[in-house]
Amino acid sequence: MDDPAPALSLRDVVAALESLYPLGDAAEWDRVGLVTGDLDQPVRRILFALDPTLAVIDEAREWGADLLVTHHPLLLRGVHSVATSSAKGASVTALVRAGVALWVGHTNADVAVPGVSTVLADALGLGEQRPLSSEGAHAIGRVGELASAMTLAEFADLVVSVLPATAGGIRVSGDPKGLVSTVAVMGGSGDDRFDDVRASGAHVYVTADLRHHPVLEAREEARGGPPYLVDAGHWATESLWLVSGRERLLSALEHVPGATRVETRVSAIRTEPWTFVVGANAARADRAAPETGGVS
């Protein structure tokens, strides 16, 4: 019987990941790359997840993963203790005790091609894709064309159909009957790109984490017309990238000399923090407004 092929080293896998998502492409404020792990440790199982939550780390441990690859950083802001009395400390301790390495690809995965926004644009079937904007040599977001124009209401249904289900669904600002064909997208938080969206000529913008004041100002500038806005949720708009990242890594590992036997999977845990909503659409614009008071 032949001896089983030797496992990949963490060094090999990290090199492959960073050839796809170079650390130098990350924003200055970001904290990406290898967080825990010994570069010489073997890697036989890799788990992909959006967030390195305690539940995801438990999943990695129970499955026997040697490496956890996440989009969001575990240690984005400075910490002064990794005691298990805090969630961050408990996370680091659990990873180290279990021998699970953690590698993060965040803004370096956002600007990759294909990256987070590219995958979102592809899922929506956008053709003639181009960057929404750029920072230096890096493309930010995507703009593309639908195969045919549709109403905003129909487009909202399309967004729901291609994204993973969430507790909150999506929020839409605009005329349900308004026609859209040019679409701008940015996975994750994107309400700092409204100037770019207007300059792109997009009829609708799909992103997440839209705040009251920026949205209100953007809709005022639009005078009720396009660009319309779709807040599809942070977790939903970015989680599609995980499958792409997994497939690209497997392809890259095929070129590593020697044995490249490795098992991978995408986490089944939804790290969207919301649990349920109450009163959705109770104040929809197409419904009669309640009486607000009277004169006595």
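Among contacts in the protein chain between residues at least 6 apart in sequence, what share joins residues at least 24 apart? The figure is 68%. Keep in mind as you read on that this is a predicted model.

**The chain as a whole**

Let us begin with the overall picture. The protein chain contains 10 helices and 13 strands. Along the principal axes, its C-alpha atoms fill a box of roughly 85 × 50 × 40 Å. There are 296 residues, and 45% of them count as buried. The accessible surface amounts to about 15400 Å², with 52% of that belonging to carbon and sulfur atoms. As for charge, the chain carries 24 positive and 38 negative charges, and the mean positions of these two sets lie 3 Å apart.

**Helix H5**

A good place to look next is helix H5, which covers residues 116–123. Because 6 of its 8 residues are buried, H5 is largely enclosed by the rest of the structure. The buried residues are Val116, Ser117, Thr118, Val119, Leu120 and Ala121. What do they pack against? Their partners include three helices' worth of neighbours to find on screen: H4 (107–110), H9 (234–239) and H10 (241–253). They also pack against strands S7 (127–135), S8 (138–151) and S10 (179–189). After H5 comes Gly125, and the phi of Gly125 is positive, near 75°.

**Salt bridges**

The structure holds 10 salt bridges. Three of the pairs are set out here.

| Pair | Closest N to O distance |
|---|---|
| Glu59 and Arg265 | 3.4 Å |
| Asp191 and Arg211 | 2.8 Å |
| Asp195 and Arg198 | 2.6 Å |

Take Glu59 and Arg265, joined by a salt bridge. This pair links distant parts of the chain, with Glu59 in helix H2 (residues 54–63) and Arg265 in strand S13 (residues 263–266), 206 residues apart. Is Glu59 buried or exposed? Glu59 counts as buried because its relative accessibility is 10%, and buried means under 20%. Arg265, at 32%, is partly exposed.

Now turn to the salt bridge between Asp191 and Arg211. Here too the pair links distant parts of the chain, 20 residues apart. Asp191 sits in the loop between S10 and helix H7 (194–200), while Arg211 sits in the loop between strand S11 (204–208) and helix H8 (212–222). Asp191 is buried, with a relative accessible area of 11%.

The salt bridge of Asp195 and Arg198 has another setting. Both residues lie in helix H7, 3 residues apart, which is about one turn of the helix. An α-helix has 3.6 residues a turn, so residues three or four places apart point the same way. Asp195 counts as exposed at 56% relative accessibility, whereas Arg198 is partly exposed at 35%.

Besides these pairs, there is a network of salt bridges that links Glu135, Arg193 and Asp196.

**Ser85 and Leu179**

Finally, where is Ser85 found? Ser85 lies in the loop between strand S5 (67–70) and helix H3 (87–98). Its relative accessible area is 75%, so Ser85 is exposed, given that exposed means over 50%. Ser85 and Leu179 are 94 residues apart along the chain, and a distance of 53 Å separates their C-alpha atoms.

Conventions:
Residues are numbered from 1 along each chain as its sequence is written. This is a predicted model: local features need pLDDT of at least 70, side-chain atom pairs count only at pLDDT 80 or more; totals for chains, interfaces and linings use all residues. Side-chain values use heavy atoms; hydrogens and water are left out. Helices (H or I, at least four residues) and strands (E, at least two) are DSSP runs, numbered from the N terminus. Buried means under 20% relative accessible area, exposed over 50%, partly exposed in between (1.4 Å probe, protein chains only). Contact means heavy atoms within 4.5 Å. Accessible areas come from the Shrake-Rupley method with a 1.4 Å probe; for residues, only the protein chains shown count as cover. Lys and Arg count as positive and Asp and Glu as negative; His and the chain ends are not counted. The place of a charge is taken as NZ of Lys, CZ of Arg, CG of Asp or CD of Glu. A salt bridge is a side-chain nitrogen of Lys or Arg within 4 Å of a carboxyl oxygen of Asp or Glu.
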